[in-house]
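Student: I'd like a close look at the charged side-chain pairs, please. Once we've been through those, carry on to whatever else is worth pointing out.

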Amino acid sequence: MSQTFSDADIEEEQKHFSNVIATFQQYAQYSLAANNRRRKDIYTLPQGDKELLDDLGYRQKLQEVDKAILVNAEFLKLIVANPEIFGHDLDFPKDADEDRACRGTLHDHSHGDVHSHSHSHSHDHANVAPDLRGISKHQRKYKPTDFDMDKLRSTLKQFVRDWSQEGKEERETCYAPIKDALVAHFSDKPSPQSRQNIRVLVPGAGLGRLAYDVANLGFACQGNEFSHYMLLASYLILNRTDAIGQYTIYPYVHSFSNLPDREAMLRPVEIPDVLPSALPAGSSFSLVAGDFEEIYGTEYEEGDLEPQAGQWDAVLTCFFIDTAKNIVNYLRIIHRILAPGGVWINAGPLLWHFENNTTNDPSIELDLEELKMLARKIGFVISNERTIDTTYTSNSQSMLGYVYKTAFWTATKA
Ligand SMILES: C[S@@+](CC[C@H](N)C(=O)[O-])C[C@H]1O[C@@H](n2cnc3c(N)ncnc32)[C@H](O)[C@@H]1O
């Protein structure tokens, strides 16, 4: 069945995209105001208390936080300085034909000449290419919410996880076992050159590092992601970055809680730790924008979507399966799109994203045992099971750290 979108859907999508851009643009104003609240609070204190705090350098620290926020803001502005990635300029109205042509194109992360593109731009199901006419007027009006800003701050922390030296330990806790299991499953193809026809999908790719690493191993790898925050941010790092450590960010300056010292909050993080454009010649790496269920779960019709059933040799899910509203559908899709003998490798918790949602979305929330039973019923043979303890985008110097006991497995299509 082909996927169609009403004008209202498209308008909603455009509005959302525009709001995300507005959030990036208003980060400095919003974050400086939050820091200024601390400054104002000092003035409510008795003179003696103020002096004691001055002796500690507390007020000076607030100045340093302001400076760090401004550095972050410059970086975030760069991310939204290239709206043409969606086929539009922000400020110039397009003619109707051009608009139609752009609408519905997928966001394919090309990397200059060195990468082949395993997928065309012709999908018409991922309505992620907004019509940006009039966006400037709308952006000026939109006031980002705490929720929006939280997403933006998370994006900064996601950069640490995926693209910094500091994040290496955290990401490799999950990514290394996934990559090892992938390489082990295809042990008959031991060299990068021999893996070029093995198609690997990484749904919920975030900022793309796992997918990039897999492409670097020689596999034909496609990431899939639907968050505009992630898509805009990964575009900059993957397509507009010329040097290791080109950007400096301060991801931890937004909260003053649980910090042992100033360094824990104010240390800069340089990104990226590798040059994303340096994939070997002949690599195949793409990032496709849109909803996983819509893109990979929609049945093929002649002249419509690309066929997906049986097309993938491996599906890698890292901190992804709990984003499902209906996990049964996620597992069915993964099973259907795998080729016979294909492998699904998973690492992640069960933090059901739609539990307690306020949007009236359904949410099926299985425990791990139920989930594995379901996977077996759908036709997977699960092996290589273990628990991996790991953090997720956490400040390694914080006095508080959440550790997920993530479930890892390799599953083959029976
Ligand atoms: C918890 S993050 C994990 C990101 C990455 N895999 C990692 O380990 O860092 C989940 C990601 O899945 C994306 N996501 C959630 N539901 C999705 C869907 N239906 N289609 C595509 N991406 C989705 C989110 O935007 C988010 O980037």
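Tutor: Let's get the key term straight: a salt bridge here is a side-chain nitrogen of Lys or Arg within 4 Å of a carboxyl oxygen of Asp or Glu. What you're looking at is a predicted model, in which local features need pLDDT of at least 70 and side-chain atom pairs count only at pLDDT 80 or more, while totals for chains, interfaces and linings use all residues. Residues are numbered from 1 along each chain as its sequence is written, and side-chain values use heavy atoms, with hydrogens and water left out.

On to your charged pairs. The structure holds 15 salt bridges. Take the one between Arg-171 and Asp-273, whose side chains meet at 2.9 Å, N to O. This pair joins distant parts of the chain: Arg-171 sits in helix H8 (residues 168-185), Asp-273 is in the loop between E5 and E6, and the two are 102 residues apart. (Helices, H or I with at least four residues, and strands, E with at least two, are DSSP runs numbered from the N terminus.) Both Arg-171 and Asp-273 are buried. Buried means under 20% relative accessible area, exposed means over 50%, and partly exposed is in between, using a 1.4 Å probe and protein chains only.

Helix H8 turns up again in the pair of Lys-179 and Asp-213. Their side chains form a salt bridge, also listed at 2.9 Å from N to O. Lys-179 is in helix H8 and Asp-213 in helix H9 (residues 209-216), so this pair too links distant parts of the chain, 34 residues apart. Lys-179 and Asp-213 are both buried. Now put the pieces together: Arg-171, Glu-172, Lys-179, Arg-209, Asp-213 and Asp-273 are linked in a network of salt bridges.

For another setting, try Asp-54 and Arg-59, with their closest N and O atoms 2.7 Å apart in a salt bridge. Asp-54 is partly exposed at 37% relative accessible area, and Arg-59 is partly exposed as well, at 24%.

Asp-273 leads us to the loop between strand E5 (269-271) and strand E6 (283-289), which also holds Pro-272. The peptide bond from Ile-271 to Pro-272 is cis, with omega near -10°.

Next, the ligand. There are 19 residues around it, and Arg-161, Gly-204, Glu-225, Phe-292 and Cys-318 come nearest; a residue counts as near if one of its heavy atoms lies within 4 Å. Helix H7 (146-163) and strand E3 (220-225) each supply at least two residues of this shell. By class, the shell has nine nonpolar, seven polar and three charged residues. In that scheme, Ala, Val, Leu, Ile, Met, Phe, Trp, Tyr, Cys and Pro are nonpolar, Asp, Glu, Lys and Arg are charged, and the others, Gly among them, are polar.

Some atom pairs deserve a zoom. A ligand nitrogen lies 2.9 Å from a backbone N or O atom of Cys-318, and a ligand nitrogen is 3.4 Å from a backbone N or O atom of Phe-226. An oxygen of the ligand is 3.2 Å from an N or O atom in the Tyr-175 side chain. The protein covers 90% of the 600 Å² of accessible area that the ligand has on its own, as computed by the Shrake-Rupley method with a 1.4 Å probe.

Cys-318 also figures in the cysteine story. A disulfide would be a pair of cysteine sulfur atoms within 2.5 Å, and the structure holds zero of them. Why does Cys-174 not make a bond to Cys-318? The sulfur of Cys-174 has its closest cysteine sulfur in Cys-318, but the gap is 4.4 Å, too far for a bond. Cys-174 is buried, at 0% relative accessibility, and Cys-221 is buried at 0% too.

Right after Cys-318, check the backbone of Phe-319: its phi is positive, about 50°, although it is not a glycine. Phe-319 is in the loop between strand E7 (312-318) and helix H13 (327-337), and it counts as buried at 13% relative accessibility. Thr-393 also has a positive phi, near 45°. Thr-393 lies in the loop between strand E9 (380-390) and strand E10 (404-413) and is buried, at 18% relative accessible area.

Definitions and conventions:
Polar contact = N/O pair within 3.5 Å; in protein donor to acceptor, adjacent residues only side chain to side chain.
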